[in-house]
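The exercises below ask for positions, burial and contacts to be read from a model. Each task is followed by a worked solution.

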Amino acid sequence: MTTTSAPRSAPRSVPRRNALRALAVAVALVGTSTPAFGSAAFAAGPETYTLTIKHLDRAGQPAGKYRTHVSGVFEAGGEEFLEQQDASGVTTVRLPKGRYLLDSTLPADQGAGGPAWTDWIVQPRLDLDRDTTVTVDARTTAPVDVRPPDGNARFLQSSMFVEVTHEGVTKSANVGNRSTNLRVGHLGPETEAGAVKQWYDAHWATDTGGYLLGQTFSGTRALTGLTRQYSTQELATLNIRGAAGPGSTGTALLGVLPSNGTVAGAPRVMKTPGTATFLVAPERGTWDIAVTVPGANDAAPTYYSADRIAVRAGTTTTHTFDGPVFGPALTDRPAVSRDGDRITANVPLLADGDGHVPWTPSFDTAYTSLYRDGVLVGAESGAAGRGEFTVPPGKASYRLATTVTRKAATGATTRVNASWTFASATTTGPTALPVSVVRFSPELSLTGTAAAGSPLRIPVTVQGAAADGRTRSLTVSASTDGGASWARLPLEAGAVTVQNPPAGTGVSLRAELTDADGNTLDQTITDAYRTQ
């Protein structure tokens with residue numbers, strides 16, 4: 001279950017994307033799809049000028065290594081990547097007149113075992129209207145020193161990005177570093193107010209997770225140095241729990257990244273069942289989580305994501321992935337819709353207990369059918385909760401039925417049956433149809449089990465057309481014999497209570513619902529969880 005709690009009295013001691021984004025986003029120079037300056041697109045340019053760039057290292061000598069990126073911040077502005085040409089540290093390029101973003105990376109390595117460093121100089125405003133010489137001088141940089149509160153944390157990598165906007169055109173550049181020895185500096189005149197956006201991210205590892213530190217900036221200049229020593233109280237805690245049923249223990253891959261802005265991510269691993277704890281910087285905004293969990297009994301792995309998780313300093317947010325009760329869930333897109341006389345179903349039937357919808361759900365069989373006024377319109381198999389059906393024009397009563405099955409070895413949710421009734425007529429465009437689902441959210445172990453012989457409170461939530469007080473009737477029943485018999489459970493304060501059977505027994509759950517307009521749902525989850 002996803003939870004947020006206030007901070008404890010003592011600081012937490014911690015000994016770390018949309019699919020989403022990949023579990024690790026590689027650092028790359030950020031360019032555009034516009035053509036390079038040497039291409040035919042610039043052949044008719046009315047004015048061009050020579051840009052000479054001199055590169056000096058930290059000792060004030062010609063730089064032995066450099067890579068300079070020049071990007072036009074104007075319509076049809078292209079970009080050039082300039083590598084070291086000779087020992088002089090000087091390079092020239094002829095470019096069209098215009099506003100440019102220039103950034104230069106000067107790396108150095110003193111050899112095996114010696115310190116490595118990177119200097120990054122950014123000139124967010126280079127107005128090329130005459131032959132121009134620019135000196136990129138590493139001595140103008142200042143250190144980037146952003147550290148977590150845990151002195152034993154291990155540095156993994158950092159990345160810094162800059163975006164420059166001028167007259168509606170935005171260009172960007174970046175640097176990535178696997179050493180803490182990074183220095184950055186601003187070069188040249190200031191830009192217009194707010195034209196420069198810059199952000200920094202640093203990833204540190206611990207034995208139980210890590211630290212994800214980051215800040216964002218906006219103004220008229222690029223950063224010259226950055227220093228920040230975080231305290232635990234300034235960070236938010238993200239607990240990522242990986243559940244594991246029978247045969248699915250192993251190693252999950254994790255990605256935790258800020259939602260906004262490009263960022264270089266370091267993939268992490270987590271034993272399942274298990275928990276990884278990350279302390280993240282709230283200044284970086286909301287956060288995205290991507291998790292790939294092992295499949296049960298050598299089945300294909302399952303990929304989940306959770307996007308735009310809001311965090312606040314001093315609080316803890318917990319997300320559990322791949323744990324029961326698996327069952328239907330509705331997202332922000334219509335689960336069943338009609339466009340003209342085409343009805344499309346795409347109902348997530350195997351969302352995990354926290355409501356995370358898997359990108360590639362694991363199942364054995366799936367079957368979906370649609371009836372119009374009691375007559376079968378069509379049926380599709382092989383895709384859980386999915387089907388597309390062409391129906392006769394006009395208004396009619398419909399019943400949509402779907403089933404998905406999984407092997408008993410998965411430990412939880414071996415079968416989902418759901419059927420909906422609703423009225424529908426021809427539409428003039430895509431229109432959501434009134435369907436609902438019921439979510440069951442008991443507190444279970446990371447192996448998906450509950451204590452045998454004890455009562456278990458199960459919160460019940462309605463999603464869809466019957467949500468927000470639009471439920472006319474709702475009954476919930478439980479079965480401990482695979483659905484052969486059912487016992488109705490009183491619904492009190494948004495929950496039901498099951499007296500758990502002996503160990504090793506599967507508990508099935510059923511919901512029968514009617515919304516305020518008379519549309520119905522009949523939903524059954526076989527082996528919703530097991531006792532231990």
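**Exercise 1.** Locate Glu167 and state its backbone peculiarity and its exposure.

Step 1. Glu167 sits in the loop between strand S10 (154-166) and strand S11 (169-177). Strands here are DSSP runs of E with at least two residues, and helices are runs of H or I with at least four, both numbered from the N terminus.

Step 2. The phi of Glu167 is positive, about 50°, although the residue is not a glycine.

Step 3. Glu167 counts as exposed because its relative accessibility is 72%. The classes are buried (under 20% relative accessible area), exposed (over 50%) and partly exposed in between, with a 1.4 Å probe and protein chains only.

This is a predicted model, in which local features need a pLDDT of at least 70, side-chain atom pairs count only at pLDDT 80 or more, and totals for chains, interfaces and linings use all residues. Residues are numbered from 1 along each chain as its sequence is written, and side-chain values use heavy atoms, with hydrogens and water left out.

**Exercise 2.** Treat Ala76 in the way used for Glu167.

Step 1. The loop between strand S3 (67-72) and strand S4 (79-83) holds Ala76.

Step 2. Ala76 is not a glycine, yet its phi is positive at about 65°.

Step 3. With 48% relative accessibility, Ala76 counts as partly exposed.

**Exercise 3.** How confident is the predictor in this chain, and which stretch has a pLDDT below 50?

Step 1. The pLDDT (the predictor's confidence in each residue, from 0 to 100) averages 90 over the chain, and 90% of the residues score at least 70.

Step 2. Residues 1-44 have a pLDDT below 50; beyond near neighbours in sequence, this stretch has 129 contacts in the model. A contact means heavy atoms within 4.5 Å.

Step 3. Where pLDDT is low, predicted coordinates should not be read in detail.

**Exercise 4.** Find the cis peptide bonds at Pro273 and Val325 and place both residues.

Step 1. Thr272 and Pro273 are joined by a cis peptide bond with omega of about 0°. Pro273 is in the loop between strand S18 (268-272) and strand S19 (274-280).

Step 2. Pro324 and Val325 are likewise joined by a cis peptide bond, with omega of about 5°. Val325 lies in the loop between strand S22 (316-321) and S23.

**Exercise 5.** What is the strand order in the open sheet of four strands, and which strands are at its edges?

Step 1. The order is S27-S24-S23-S30, with antiparallel pairing. Two strands pair if DSSP finds at least two bridges between them.

Step 2. Strand S27 (386-390) and strand S30 (431-432) are the edge strands, each pairing on one side only.

Step 3. Strand S23 (residues 336-339) pairs with S30 in the antiparallel sense over two bridges. Arg338 has Thr431 in S30 as its bridge partner.

**Exercise 6.** Is Asp119 buried or exposed, and what does its side chain contact?

Step 1. Asp119 is found in strand S7 (residues 116-128), and at 2% relative accessibility Asp119 counts as buried.

Step 2. Its side chain makes a polar contact with the side chain of Arg58 at 2.8 Å. A polar contact is a pair of N or O atoms within 3.5 Å; within protein, one must be able to donate a hydrogen and the other to accept it, and residues adjacent in sequence count only if both atoms are side-chain atoms.

Step 3. Leaving aside neighbours within four places in sequence, Asp119 is in contact with residues including Ser104, Ala138 and Arg183.

**Exercise 7.** Describe the setting of Thr531.

Step 1. Thr531 belongs to strand S38 (residues 520-531) and is buried, with a relative accessible area of 5%.

Step 2. The side chain of Thr531 reaches the backbone oxygen of Pro502 at 2.6 Å.

Step 3. Beyond neighbours within four places in sequence, the contacts of Thr531 include Ala450, Asn500 and Val507.

**Exercise 8.** How many residues has the largest nonpolar core, and where does Trp420 fit?

Step 1. The largest nonpolar core has 69 residues, and Trp420 is among those with the most contacts inside it. Such a core is a set of buried Ala, Val, Leu, Ile, Met, Phe, Trp, Tyr and Cys residues joined through side-chain atoms within 4.5 Å.

Step 2. A second, separate core of 29 residues includes Val146 and Tyr230.
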